[in-house]
Amino acid sequence: MSDTILDVKHLTVDFEVDDQTIHAVDNISFQVQRGQTLGIVGESGSGKSVTSLAVMGLVPSPPGKVVNGEIWFRGGDRGAVDLRTLGDTEMQDYRGGQISMIFQEPMSSLNPVYTVGFQMVEAICQHQAIAKDVARSQAIERLQEVDLLPSNDKLLATLRAEKPGLSDAFLQEEAERRQQAILNRYPHELSGGQIQRVMIAMAISCNPALLIADEPTTALDVTVQATILDLLRQLRDRRGMSLIFITHDLGIIAEIADQVAVMYQGNIVEAGPVMDIFARPQHPYTKGLLACRPQPNQQLRLLPTVADFMISDAAGAADDNGTIWRERGFDAEAEARFAPLTEAELTARAETLAANGPLLAVENLRVGYPIRGVFGKTRRHVMAVQNVSFQINKGETFGLVGESGCGKTTLGRALLRLVPAMGGKIWFEGRDVLGLRSSQLRQLRRDMQIVFQDPFSSLDPRMSIGAAIAEPLKIHGVSKSTRNRQERVAYLLDRVGLPTTCINRYPHEFSGGQRQRVCIARALALNPKFIICDESVSALDVSVQAQVLNLLKELQAEFDLTYIFISHDLAVVKFMSDRIMVMNQGQVEEIGPAEQVYRQPQKTYTQELINAIPIGSLERIEALQRDRASVA
């Protein structure tokens with residue numbers, strides 16, 4: 001017990017919603033050891049974030065309440081203490097000091113009207129009785145520790161190379177000025193990865209014994225995500241700090257955890273060392289989470305989902321938590337559905353697509369955003385897309401991958417003329433898209449649709465989903481009668497796996513995955529030939545993501561659709577795509593068949609994207625454990 005820093009016993013958290021009691025966390029127990037990482041994994045609504053809020057004493061009341069359990073913390077000067085017995089004032093001594101937390105969305109965690117430095121100094125002074133200039137120096141040290149600022153020696157060496165012959169006193173002043181510059185920036189002036197580093201620096205500023213990271217990499221590119229995970233590993237090992245890492249992705253858990261707790265509907269259904277969870281998962285929910293993440297080293301026909309491992313029927317058996325699940329593995333039909341495509345099948349599909357000919361062709365496309373000066377006059381353009389050329393064959397899925405800011409979303413919107421092009425050509429079925437008049441463009445947009453990243457902001461909250469799906473039919477005059485439109489909407493809802501009884505419900509009454517299905521149904525309303533999926537699964541849990549990806553593949557086969565699939569996740573893009581185009585800083589890095597781009601990348605940038613994918617293989621886990629043992 002001496003090595004246990006956090007011991008949670010029989011924790012229960014309830015929420016009172018609409019006169020109903022929801023057991024968000026249902027009688028769970030777990031421990032966190034000193035210097036170790038506990039990974040808590042599960043889908044949205046599993047209770048993992050509520051568990052972390054309960055530890056921090058931040059469960060919103062009302063409607064939530066910790067109704068039972070003990071939370072023993074052994075990291076402070078007072079020895080073992082049950083955090084549930086502390087009042088608000090006493091809890092302040094622990095929260096942010098001994099126990100810190102990094103939240104999921106870094107931008108919403110910082111106040112946009114204050115500089116980064118002001119907020120860091122405020123956080124440090126709140127827990128330490130020190131002057132503001134000392135706190136500011138500590139803030140710089142913490143930013144150096146998270147690699148957002150170079151060390152003093154590195155910065156001076158850089159300045160000596162840049163400005164040879166200048167005195168050391170002058171160079172020291174210049175170094176201090178550059179360090180202060182970061183502190184004087186506002187949150188919107190930093191990238192997502194930089195903001196997350198600021199949040200980590202704030203969290204470790206008071207030397208916490210326990211750091212809770214709640215989905216800290218979900219909104220980040222895979223390459224930035226990899227650097228943040230590496231940073232957290234280094235801080236944990238260097239400081240001897242304990243870490244609770246919360247995520248919905250077992251691939252990420254494999255990168256950082258020592259122990260794993262798998263949560264489902266408020267319960268911990270499986271727990272153990274990370275190697276055991278990945279090598280010998282016992283619970284079907286864990287098996288489902290492991291199976292539904294696309295693996296870039298194999299090209300499956302469809303992805304297994306959690307529902308394929310957990311079904312509620314008489315053939316199943318109940319576990320200790322009352323969950324009903326299938327006892328046996330896949331039958332022959334299921335094995336065939338999820339089997340990898342053979343080389344012969346991939347070759348035959350490539351030949352068929354080539355024979356179909358191009359549906360869309362792009363030549364030397366350029367898109368820029370104006371930078372305006374005095375009196376609104378354009379001074380120059382920031383080029384988001386520079387001389388991009390490619391073509392997409394009918395029936396093909398063309399993957400478009402790259403980090404945030406590479407120009408992939410701008411390219412997709414330029415194809416639909418949602419943003420203006422500065423030059424180049426776009427042909428759709430032989431028609432010059434950039435030369436079309438308004439009336440012609442309106443007709444073209446019946447054939448070209450888009451599914452956006454955030455389904456909630458894509459839907460009008462005041463409009464029922466039935467009305468949202470029927471709206472394109474009314475605008476384009478496709479179905480004249482209300483009855484015909486209702487029949488079409490009902491068919492589309494059924495086709496995307498939603499019950500027709502929900503036709504009069506509103507967006508807020510659906511989960512994220514269900515809302516994205518509504519957006520897909522709306523995109524299909526006009527029987528388009530071409531759909532752009534712009535980061536359409538990035539905000540979804542991996543299990544829901546698998547369902548939507550499978551749906552898109554099934555709809556493609558049924559409606560003979562052609563896709564552009566945009567994502568920063570190369571594993572997802574590879575699963576969906578026949579060919580992949582990699583973009584970097586507005587330009588094309590390389591184009592090729594999906595298998596070729598993954599197995600034989602031609603550019604270093606592509607290799608970096610591949611290396612950053614959190615595959616979650618046993619070999620990777622073993623390598624990380626060996627590296628940690630050698631350091632220790």
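# A guided tour: contacts and the largest pocket

Begin by selecting R505 and F510: R505 lies over the face of F510, 4.4 Å from the ring centre. The structure on the screen is a predicted model. A second arrangement of this kind can be displayed by selecting K553 and F575, where K553 sits over the ring face of F575 at 4.2 Å from the ring centre.

**Aromatic pairs**

Next, turn to the rings. Over the whole structure, a search finds five aromatic pairs. Select F390 and F398 as one of them: the ring centres are 5.0 Å apart and the planes meet at 10 degrees, so this pair is stacked. F390 and F398 are both buried, so surface representations should be hidden at this stop because buried residues have under 20% relative accessible area.

Another aromatic pair is formed by F428 and F530, and this one is tilted, with 6.0 Å from centre to centre and 55 degrees between the planes. Colour the strands to follow the connection: F428 belongs to β16 (residues 423-428) and F530 to β19 (residues 530-534), so the pair ties together parts that lie 102 residues apart in sequence. F428 and F530 are buried as well.

**Salt bridges**

Now select the charged side chains. The search of the whole structure gives 28 salt bridges, and several stops follow.

Select R280 and D276. These residues form a salt bridge in which the closest N and O atoms are 2.5 Å apart. R280 is partly exposed, at 49% relative accessible area, and D276 is likewise partly exposed, at 31%.

Move on to K394 and D560, a salt bridge whose closest N and O atoms are 3.9 Å apart. Which parts of the chain does the pair link? K394 is in the loop between β14 (378-393) and β15 (397-401), whereas D560 is in the loop between α21 and β20 (562-567); these distant parts of the chain are 166 residues apart. K394 has a relative accessible area of 39% and is partly exposed. D560 is also partly exposed, with a value of 42%.

At D460 and R462, the side chains meet in a salt bridge of 3.3 Å, N to O. Is each partner of this bridge exposed or partly exposed? D460 is partly exposed, with a relative accessible area of 28%. R462 counts as exposed at 70% relative accessibility, because the limit for that class is over 50%.

To close this part, select E141, R142, E145, R238 and R239 together: salt bridges link these residues in a network.

**The largest pocket**

Finally, display the largest pocket, which holds about 800 Å³ of space. Its lining consists of 35 residues; to centre the view, select L341, L346, R349, L353 and D578, which lie nearest the pocket centre. The elements that give two or more residues to this lining are α14 (343-356), α21 (542-559), α22 (570-576) and α23 (594-599). Of the elements, α14 gives the most, with 10 residues.

What is the make-up of the lining in nonpolar, polar and charged residues? Colouring by residue class will show 13 nonpolar, 10 polar and 12 charged residues around the largest pocket.

How values were computed
Residues numbered from 1 in each chain as written. Predicted model: local features only at pLDDT ≥ 70, side-chain atom pairs only at ≥ 80, totals over all residues. Heavy atoms only, no water. 1 Å grid on protein atoms, 1.4 Å probe; cavity = no way out; pocket = protein on both sides within 12 Å on 5 of 7 lines; lining within 4 Å. Points joined across faces, edges and corners; volume = space filled by probe spheres on them. Helix = DSSP H or I, 4+ residues; strand = E, 2+ residues; numbered from the N terminus. Nonpolar A, V, L, I, M, F, W, Y, C, P; charged D, E, K, R; others polar. Salt bridge = Lys/Arg side-chain N within 4 Å of Asp/Glu carboxyl O. Buried < 20%, exposed > 50% of the residue type's maximum accessible area, 1.4 Å probe, protein only. Phe/Tyr/Trp six-rings, centres within 6.5 Å; stacked < 30°, edge-to-face > 60°. Lys NZ or Arg CZ within 6 Å of the ring centre and 35° of its normal.
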